[in-house]
Amino acid sequence: LRGKQRGIADKPLTFKSKVKSSGYSEQPRTKMFTPKTQKSAQKPSSGKSYSTTGISSQSEYSTTAAPPTEIAYCSQLSEHPMAVNGLSFSGTGSHLSCACSDGTARVLRPLPQGSLSQGGSRRESTFVGHDGAVYSTSWSHDGRWLVTCSADQTARLWTQGKQEPLIVFNSTLHNFKSDVTTEKTNTLFAKEVTSAQFYYLDRFILLSAGNSFYLYKYHIDTAKIDDIKRYLSASHYKLVKEFVMSTAQKITALSAVNEFHSHIALVAGSNKSLEVYDMNVGQCVCSLGDVHSRPVNCIAQNKGSRYITHPPHGYNLFLTSAVADGVKLWDLRTRRCVSRFTAHKNPSLPLPATFSPCARYISSGSEDRCAYIYDIRSPAPLHKLSGHSDVVSAVAFHPSKIMVATGTLSGEVKYFVNSRTA
């Protein structure tokens, strides 16, 4: 009846408008997820964001061009020895963030390729606040925010023009100081926060610490405040769900797609296994044991970029890497390794691997002071990017240009471009 109000029924956690059956009592899925790659036009943001001018371009990413092999520019982040633990381009490629072992996150702005020889990049921001090494940096989809995680058992969310972080993730449940009902259970993270990223087109943030990973809702207060009140931020976060990898002592790698709507999260543990989580139903739906001979230190999904769209089955590919065991290419549909890349050297250090936006190439760091480029169809290396002063500890492909950035344990960042544009 129209005159009666219906009660709100309890429903399981879901990211869709309708609650559907998980289907796990039926025939097993052969297709792990169907990505939504058609993004609607975003409304202009009222908040301050990073400029998208510079090296980014609105043209489509080339699927036929040769990989980047020519060095264009080298930048030294610091006068003192400092390792680059991770690199990440913003969605437009206008900025490159660097996770550094000295507790800072540095943002560089690459210049257009025609200007690389005249300067290459300039430092736009340095975020200082962590008390330990920064393990990774991750951009929001709209490029306004940057989230970092550190050995100091916190994750922090930053934006341009502000020295203090907007949010500090240091407790497991929330950062509401007035909530006395959960004061005893809202404990600090007991372990290092090893992964942090935006998820589901910036709607959530995923963190991992110990053998758990956490899904958070968050709100960022963009109102202008004076210098006295700037430490009393109204930005906050709240736990949606905690996921525990009970068979492992520690989560060693975490990956989820933020570029489009996906309900899949990939988690690797210290027990050398990898678990696939369906965030729609909030549980593990697949577990792969002995993925490598040692624990996985990196998971890289084929995410493409906003400048290229792959067929749906292309997003089922992902990479894993482990010390002394190379890089493996997996297909979620078959849940099997389909190729392995072992030409690069990593007998003792955890090194990264990543897809190019076109998914034709794979780049990996190496202990022989080189970065390796593989064709995804062949285990033999396609190119060897030399000229580094130390171990290549970070790699990242530009989202719209034929370019790869590399970072080393000595704090060096190099840009390699296609020989035709060098």
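# A tour starting at Val 327

Select Val 327 and you are in strand β20. This is a predicted model. Val 327 has 1% relative accessibility, so it counts as buried, the cut-off being under 20%. Now show its surroundings. Leaving out residues up to four places away in sequence, Val 327 touches Leu 319, Thr 320, Ser 321, Ser 339, Arg 340, Phe 341, His 344, Ala 353 and Ser 364. Try a distance as well. From the C-alpha atom of Val 327 to that of Leu 351 is 9.5 Å, and the two residues lie 24 apart along the chain.

**Next stop: across to β21**

Select residues 327-331, which make up strand β20. Add β21, residues 336-341. How many bridges pair β20 with β21? There are five, and the pairing is antiparallel. Strands in a sheet pair through backbone hydrogen bonds. Look straight across from Val 327: Phe 341 in β21 stands opposite.

Centre on Phe 341, which sits in strand β21. Is Phe 341 buried or exposed? Its relative accessibility is 0%, so Phe 341 counts as buried. Beyond four places in sequence, Phe 341 is in contact with Gly 326, Val 327, Leu 329, Ile 362, Tyr 374, Asp 375, Ile 376, Ser 378 and Pro 379. Pick out Ile 376 from that group. The C-alpha atoms of Phe 341 and Ile 376 are 9.1 Å apart, with their positions 35 residues apart along the chain.

**Step back: the whole sheet**

Show β18 to β21 together. These four strands form an open sheet in the order β18-β19-β20-β21, with antiparallel pairing. Which strands are at the edges? They are β18 (296-301) and β21 (336-341), and each pairs on one side only. Turn the sheet and follow its twist, which averages 25° from one strand to the next.

**Into β19: Thr 320**

Select residues 317-322, strand β19, and find Thr 320 there. Thr 320 counts as buried because its relative accessibility is 1%. Show its side chain together with that of His 292. A polar contact of 2.7 Å joins the two side chains. Among the other residues that Thr 320 touches, beyond four places in sequence, are Leu 274, Cys 298, Ile 299, Lys 328 and Trp 330. Val 327, where the tour began, is on that list too.

**A hairpin to trace**

Move to β24, residues 371-375, and β25, residues 381-385. Four bridges join these antiparallel strands. Follow the chain from β24 to β25: the hairpin between them runs through five residues. Now select Tyr 372. What is its bridge partner in β25? It is Lys 384.

**A second sheet**

Jump back along the chain and show β10 to β13. Again four strands form an open sheet, here in the order β10-β11-β12-β13, with antiparallel pairing. β10 and β13 (236-244) stand at the edges with a single partner strand each, so one side of each has no neighbour in the sheet. Neighbouring strands here are turned by 20° against each other on average, ignoring direction. Zoom in on β12 and β13. They pair in the antiparallel sense over eight bridges. Find Tyr 216, which stands opposite Leu 239 in β13.

**The nonpolar core**

Select Leu 157, Ile 167, Phe 169, Phe 189, Leu 207 and Tyr 218. These residues touch the most other members of the largest nonpolar core, which has 20 residues. Which elements give two or more residues to this core? They are β7 (146-150), β8 (155-158), β9 (167-169), β10 (193-199), β11 (204-209) and β12 (212-219). Stay on Leu 207 and show its contacts. Beyond four places in sequence they include Ala 155, Phe 169, Phe 189, Val 193, Tyr 216 and Leu 254.

**Last stop: the full view**

Show everything. The protein has zero helices and 28 strands. Of its 422 residues, 53% count as buried. Contacts between residues 24 or more positions apart make up 56% of those with a separation of 6 or more.

Finally, colour by pLDDT. The mean is 86, and 80% of the residues reach 70 or more. Two stretches deserve a click. Over residues 39-48 pLDDT is below 50, and this stretch has nine contacts beyond near neighbours in sequence. Over residues 52-57 pLDDT also stays under 50, and the model has 25 contacts there beyond four places in sequence.

Note on methods
Residues numbered from 1 in each chain as written. Heavy atoms only, no water. pLDDT = per-residue confidence, 0-100. Contact = heavy atoms within 4.5 Å. Buried < 20%, exposed > 50% of the residue type's maximum accessible area, 1.4 Å probe, protein only. Polar contact = N/O pair within 3.5 Å; in protein donor to acceptor, adjacent residues only side chain to side chain. Pairing = 2+ DSSP bridges. Axes fitted to C-alpha atoms, helices over the stretch in contact; angles between N-to-C directions. Core = buried A, V, L, I, M, F, W, Y, C linked by side-chain atoms within 4.5 Å.
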